[in-house]
Amino acid sequence: MAGSKQFHVTEFSQILELVSYKSSSLSVLLTTHRNDEFNLWYKDLTHSDLTNRGKRNGKNESLKKNFLYYLSVEQMEKIEQDSDKKFESAKQSNIGVSVDFYEELGVPSPRSIANKKGYCISDDVDVFLVNDTLHYFTMDYTRKVLKKLDKFDTCSWRNVNSAQLDESVSFTKIQLSEAVHGIGTADDKIFHTLRLSMFLNDRIYFLIRKTSDNCRNQLYIFLEKNPIFFTITGEANEAWKRHLEVSQRQQDAAAAASKTIPFDDEKTRAQQSVWKEQLAQEMMNYTTHEGEVFCPFTKIQAPFSSVPMLFIASHIKRYKDSTPKEAYDINNGLLLSANADALFDKHIITITEDKKLKFSFLISNDHVLLSALKLNQEIFTEVLNEQRMEYMKDHRRIFEEKEAKRKSGDYNISDEEEIITQVGPNLFNHVSYDIAAQSKVSYSEKNSAVSIKEHPTPTPKRY
């Protein structure tokens, strides 16, 4: 599972918070059975996790075989050419999870199984799919994505029917097996079909329930589409919208009830960390190294789970000018390196209509500085979709207004001076970041798992 990190959440309140806007049925299950023990594992799907029918299996096969990538063949070829690195080509096709997961579930790990043909997990554990998380994981939506990316006509399994769920209940009971490389085999009819709608960098969750009456363990599997899916299909991310609406109502009610805190101060960026993660998930689709992200302006690239602080979730249309709907619309944001964000946030740089960087006269002729900041190169334009370019009109307007004032001298330069002098010598000077407040995360070299023991409590002014 090179490049893949798995996350393990054990605190009930954190599990409930993660589940709350993803599945109403799971939320009810959790709140109804608080006395039971719950463990949540999740990961973003890698090339190795994808079913063999949806990817190329070996370096000799064409990129055209990568049907379950949110990229066209032309995009994949260009990314390989620009980065001088090849996309993954592993042949294994089970979903890899850590050894600790199997131990927690109470089943043998794949490599300890004597029967090399595999082991049926559902012989000893009740396994369920969470129906209300699978709306977008149908063949209708898969076909829609394939058509948008010009891969439909070459896909031999494009007319397969969707996985048949039991719509009379909230959770569909399924067979689930494991083989030498992980979970999911051709014997698991429903799950095997469902995997034809699970794309690279979609997220899979495994919720383990141990009942207080010591009955069989239960495993609930639910899924979440990568944010780029909604851009490609034009669909609204209804679950995220509902979450933002509920959060906004809660914040407004708290602000209205407060007699000491002004309303504008109470309208905090509580959703910023989730929004940043969504921007990161989107950027993972554009790299040949799994789990890595990069700044589209500077091309600085790194594994996001290891060093998320290298990147800032930067608003295009200013947060204070945005409606609640716009504020955390993924297309109103870009994942930028800290240097690029500092300049973009202060409107020292912007993006032109033809998707080029435009610099303020304050730095446009300082080629040494631009080189040091890695801004003297073509930017990555694939992420600048139609929706983002619409938001960019507002950013350009403010840039031009500020630039006119800067050139006339009729403005206060102190803010820009502070950013410009700090951005070069120190990557993090402009970020107020409380490292001590971050969640404690432990990495296991043995199984590439991350165990989150405390809820993340980031307190940066800009995230």
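About 80 Å³ of space lies inside the largest cavity of this protein, and the structure shown is a predicted model. In total, the model holds 2 cavities of 30 Å³ or more. Who sits around the largest one? The lining of the largest cavity includes Tyr 69, Phe 87 and Glu 88, together with Leu 200 and Asn 201. The rest of that lining comes from Met 284, Asn 285, Thr 287, Thr 288, His 289, Glu 290 and Gly 291. Sorted by class, the residues around the largest cavity break down into 6 polar, 4 nonpolar and 2 charged.

Next come the pockets. The second largest pocket has a volume of about 620 Å³. It is lined by 31 residues, and the ones closest to its centre are Trp 240, Lys 241, Lys 325, Tyr 328 and Asp 329. Several helices chip in here: helix 7 (228–233), helix 8 (238–257), helix 11 (324–327) and helix 14 (386–408) each bring at least two residues to the lining of this pocket. Helix 8 gives the most, with 7 residues. As for the mix of classes, the lining of the second largest pocket counts 13 polar, 11 nonpolar and 7 charged residues.

Now for the strands. Strand 1 covers residues 6–9, with Gln 6 and His 8 pointing one way and Phe 7 and Val 9 pointing the other way. Whichever way they point, all four of these residues are buried. Strand 1 is joined by 4 bridges to strand 2 (residues 37–44), and the two run antiparallel. Take His 8 as an example: its bridge partner in strand 2 is Trp 41.

Moving along the chain, Val 99 belongs to helix 4, which spans residues 99–105. Val 99 counts as partly exposed because its relative accessibility is 41%, and that class sits between the 20% and 50% cut-offs. Val 99 and Gly 182 are 83 residues apart along the chain, yet their C-alpha atoms are separated by 9.7 Å.

Last up are the cysteines. A disulfide is a covalent bond between the sulfur atoms of two cysteines. How many turn up in the whole structure? The search finds 0 disulfides. Two cysteines can still be placed by their accessibility. Cys 120 has a relative accessible area of 17%, so it counts as buried, given that the cut-off for buried is under 20%. Cys 295 is buried too, and its relative accessible area is 0%.

Terms used. Residues are numbered from 1 along each chain as its sequence is written. This is a predicted model: local features need pLDDT of at least 70, side-chain atom pairs count only at pLDDT 80 or more; totals for chains, interfaces and linings use all residues. Side-chain values use heavy atoms; hydrogens and water are left out. On a 1 Å grid over the protein atoms alone, a cavity is a set of points where a 1.4 Å probe fits but cannot get out, and a pocket is an open set with protein on both sides within 12 Å along at least five of seven lines; lining residues have an atom within 4 Å of a point. Grid points are joined across faces, edges and corners, and a volume is the space filled by probe spheres set on the points. Ala, Val, Leu, Ile, Met, Phe, Trp, Tyr, Cys and Pro count as nonpolar, Asp, Glu, Lys and Arg as charged, and the others, Gly among them, as polar. Buried means under 20% relative accessible area, exposed over 50%, partly exposed in between (1.4 Å probe, protein chains only). Two strands pair if DSSP finds at least two bridges between them. A disulfide is a pair of cysteine sulfur atoms within 2.5 Å.
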